Amino acid sequence: MTTATRESETPEMLDHFQANGYSPYLFFTSEEWAQFRADTPLTLTSDELKRLRSIDDPIDLDEVRRIYLSLSRLLSAHVESSQLLFQQRSRFLSTAGVSKTPFVIGIAGSVAVGKSTTARILKELLARWPSSPKVDLVTTDGFLYSNAHLVRHNILNRKGFPESYDTGALLRFLSAIKAGLPNVKAPAYSHLIYDVLPNEHKIIDRPDILIFEGINVLQSRDLPADGKIIPIVSDFFDFSIYIDAEEALIHRWYVDRFMKLRQTAFRDPNSYFNRYAAISEEEALTIAEGLWQNTNLKNLRENILPTRPRADLILRKGDNHLVEQVALRKL
Ligand SMILES: Nc1ncnc2c1ncn2[C@@H]1O[C@H](COP(=O)(O)OP(=O)(O)O)[C@@H](O)[C@H]1O
Ligand SMILES: CC(C)(COP(=O)(O)O)[C@@H](O)C(=O)NCCC(=O)O
């Protein structure tokens, strides 16, 4: 039987809460967390995992077993409870014909922290639970304004900051999903061309679970002067996850990935970053450092990390992208 780690043993995660002298989270080491998988079988193969992980993420099947099986078991318990609640409410309200709405999971965290890998692995694992055969994944980059718009407003260097997203479109999308509408369109983004794809979209047709991933998914907005209450993205979430790591590690992962992409994606003549494939290593490092310091780190400090205390679950990664600590909000 595992017990939650004592708060005094987890100083780095507690900095937000110590001021109040209490924490709304239970903390677990990865070993403690791993035991919650119980008898959940590992059905993912190493070939499937290779397909799911991002270029810079060394995740292996041991990590899936240690961290993601327990997580998928916990999430599927939440999904089943919400389906049961839906049935009970339908009986209570005599609304038998109303179809259930998707269970929405938000995944937040810095650029380069590994959100995409986590989201894709969870999608695969959750789809193997009988209660949720249909799982869809949408990333918030599709809701970025086009580069043309960002240039026109002189904010191309603010890509990823709150003002670079069409928040209205994002909220309309989630409202439609949560209203249980069929065939909702999610806009698309290409990291290759570094821009939205205006003529492409993904159709989301009443999945059991929608995973919604992006740096901004736990953000709120300033209240408008007229005092009108506007919904925020996380109002539509049934569960939220924040992927966390020390700033210095994410910095290294960002720069290492940039240097790796130079050998791969940037070589494609269609890549927005194609010019960085040809420059010297030293020059490329300077560019990567600049993008990190002036855009992504700034955004992490100002807009992303402050949302961490809103998450239901925090996965804290250490060196090599391995999760070292898990914090789960007390119900
Ligand atoms: N310039 C790029 N060219 C091609 N792929 C990229 C580029 N930048 C990021 N990616 C890929 O896009 C995905 C999302 O990256 P990012 O938004 O930094 O989030 P995270 O690393 O948390 O998943 C990752 O799979 C990453 O490898
Ligand atoms: C597109 C991103 C903002 C990530 O967006 P997300 O999918 O989290 O909504 C990020 O990958 C990005 O392009 N940042 C701008 C600076 C840079 O080129 O790294």
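A crossing of two helices is called right-handed if the near helix is turned clockwise from the far one by less than a right angle. In this predicted model, that description applies to helix H4 where H4 passes H5.

Helix H4 spans residues 61-93, and helix H5 covers residues 115-126. The two pack at an angle of about 60 degrees, and their axes lie 10 Å apart. H4 is therefore oblique to H5. On the H4 side the contact is formed by Val64, Tyr68, Leu71, Ser72, Leu75 and Ser76, and on the H5 side by Ile121, Leu122, Leu125 and Leu126. Eight of the residues in this contact of H4 with H5 are nonpolar and two are polar, with no charged residue.

The discussion now turns to the sheet. Strands of a sheet pair through backbone hydrogen bonds, in either a parallel or an antiparallel manner. Here, seven strands form an open sheet in the order S1-S9-S8-S7-S2-S6-S3, and the pairing is mixed. The edges are occupied by strand S1 (25-29) and strand S3 (135-139); each has a single partner strand, so one side of each lacks a neighbour in the sheet. Averaged over this sheet, and with direction ignored, neighbouring strands are turned by 20 degrees against each other. At the S1 edge, S1 and strand S9 (residues 323-329) run antiparallel and are joined by five bridges. Within this pairing, Phe28 stands opposite Val326 in S9.

Helix H4 also packs on the sheet, where it touches strand S2 (103-109), strand S6 (209-213), strand S7 (239-245), strand S8 (313-317) and S9. The direction of H4 makes about 140 degrees with that of S2. H4 thus has contacts both with these strands and with H5.

A further pair of strands consists of S4 (residues 184-190) and S5 (residues 195-204), which run antiparallel and are joined by seven bridges. S4 and S5 form a hairpin with four residues between them. In the turn, Tyr194 has a positive phi of about 65 degrees. Opposite pairs in this hairpin include Val184 with Ile204 in S5 and Lys185 with Ile203 in S5.

A second helix contact involves H8 (residues 247-263) and H10, whose axes come within 10 Å and cross at roughly 135 degrees. H8 and H10 are therefore oblique to each other, and H8 passes H10 in a right-handed crossing. H8 contributes His251, Tyr254, Val255, Phe258, Met259 and Arg262, which meet Ala284, Leu285, Ala288, Glu289, Trp292, Asn296 and Leu297 of H10. By class, nine residues of this contact of H8 with H10 are nonpolar, two are polar and two are charged.

Helix H10 (residues 281-304) also leads to ligand 2, since it supplies three residues, the largest share of the shell around that ligand. The surrounding residues are Val111, Thr139, Thr140, Asp141, Lys159, Gly160, Gly214, Ile215, Leu291, Thr295 and Asn296. Asn296 thus belongs both to the shell of ligand 2 and to the contact of H10 with H8. The shell around ligand 2 comprises three nonpolar, six polar and two charged residues.

Ligand 1 has 14 residues around it, of which Ser54, Lys115, Ser116, His191 and Ala265 come nearest. The shell of ligand 1 contains eight nonpolar, five polar and one charged residues.

Technical notes:
Residues numbered from 1 in each chain as written. Chains lettered and ligands numbered in written order. Predicted model: local features only at pLDDT ≥ 70, side-chain atom pairs only at ≥ 80, totals over all residues. Near = placed C-beta within 6 Å. Nonpolar A, V, L, I, M, F, W, Y, C, P; charged D, E, K, R; others polar. Axes fitted to C-alpha atoms, helices over the stretch in contact; angles between N-to-C directions. Parallel < 35°, antiparallel > 145°, perpendicular 65-115°, else oblique. Contact = placed C-beta atoms within 7 Å. Pairing = 2+ DSSP bridges.
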